[in-house]
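Q: I have not looked at this structure before. Please show it to me, and explain how its features are read.

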Amino acid sequence: MLDVRTGNGLDVHAFAPGDHVVLCGVRIPHTHALAGHSDADVAMHALTDALLGCLAAGDIGAHFPPGDERWKGAPSRLFLEHARALVAQAGGRITHCDLTIVCEAPKLRPHIDEMRANLAEILRIDVARVSIKATTTEKLGFTGRREGIAALATATVVLKEA
């Protein structure tokens with residue numbers, strides 16, 4: 001018997017002074033950076049939470065407290081690799097992930113393939129099992145006012161049933 005788990009994650013980061021954002025580990029030129037204790041990769045943070053949710057293992061802040069100086073400026077790849085390792089330790093495998101990134105700018109379409117490839121490599125799954133979509137909120141809310149970026153993620157994990 002297989003135990004199929006689905007988890008979701010949501011993260012938000014505000015814009016700060018800078019010249020690029022990091023999304024799914026890809027540096028994207030922009031008029032601002034994202035504010036955060038780590039590299040503020042809002043998409044990887046949401047996906048990390050989705051994987052942790054599959055395991056009922058708390059959230060990213062429980063594993064990597066934002067007040068802990070070890071994580072200041074850390075690449076979010078470390079957080080996602082940790083979640084992937086926890087899935088493997090539980091005898092599971094990641095079968096799919098789906099992200100939606102919400103922002104008015106920067107335009108993400110030119111970067112989606114690289115972002116998908118990067119996540120597939122980190123998660124050790126085929127790129128066909130990684131979906132990334134970008135959308136706007138039609139100028140409504142904080143993302144519409146260009147105050148920051150939000151990301152929503154869903155992950156599916158298959159565990160061996162005990």
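A: Start with the vocabulary: helices (H or I, at least four residues) and strands (E, at least two) are DSSP runs, numbered from the N terminus. The model is a predicted one, where local features need pLDDT of at least 70 and side-chain atom pairs count only at pLDDT 80 or more, while totals for chains, interfaces and linings use all residues. Residues are numbered from 1 along each chain as its sequence is written, and side-chain values use heavy atoms, with hydrogens and water left out.

Q: How many helices and strands does the protein chain have, and which pattern do they follow?
A: The protein chain has five helices and seven strands. In sequence order the pattern is β-β-β-β-α-α-α-β-α-β-α-β.

Q: What radius of gyration would a compact globule with 162 residues have?
A: The radius is taken over C-alpha atoms, and the globule rule is 2.2 Å times the number of residues to the power 0.38. That puts a compact globule near 15 Å, and the protein chain agrees, with 15 Å.

Q: Where are the unusual backbone values?
A: Most residues other than glycine have a negative phi, and most peptide bonds are trans. Here, a cis peptide bond with omega of about 5° joins Ala105 and Pro106. Pro106 sits in the loop between strand 5 (92-102) and helix 4. Cys24, although not a glycine, has a positive phi of about 55°, and Arg124, also not a glycine, has one of about 60°.

Q: Is Cys24 buried or exposed?
A: Buried means under 20% relative accessible area, exposed over 50%, and partly exposed in between (1.4 Å probe, protein chains only). Cys24 counts as buried because its relative accessibility is 0%; its loop runs between strand 2 (20-23) and strand 3 (26-29). Arg124, in the loop between helix 4 and strand 6 (130-135), is exposed at 66%.

Q: How do helix 3 and helix 4 cross?
A: Axes are lines fitted to C-alpha atoms, for helices over the stretch in contact, and angles run from 0 to 180 degrees between N-to-C directions. Angles under 35 degrees count as roughly parallel, over 145 as roughly antiparallel, 65 to 115 as roughly perpendicular and the rest as oblique. The axes of helix 3 (residues 77-89) and helix 4 (residues 112-123) come within 9 Å and cross at roughly 45°, so the two helices are oblique to each other.

Q: Which residues does Asn118 touch?
A: Contact means heavy atoms within 4.5 Å. Not counting residues up to four places away in sequence, Asn118 touches Cys24, Gly25, Val26, Met44 and Arg77. Asn118 belongs to helix 4 and counts as buried, with 18% relative accessibility.
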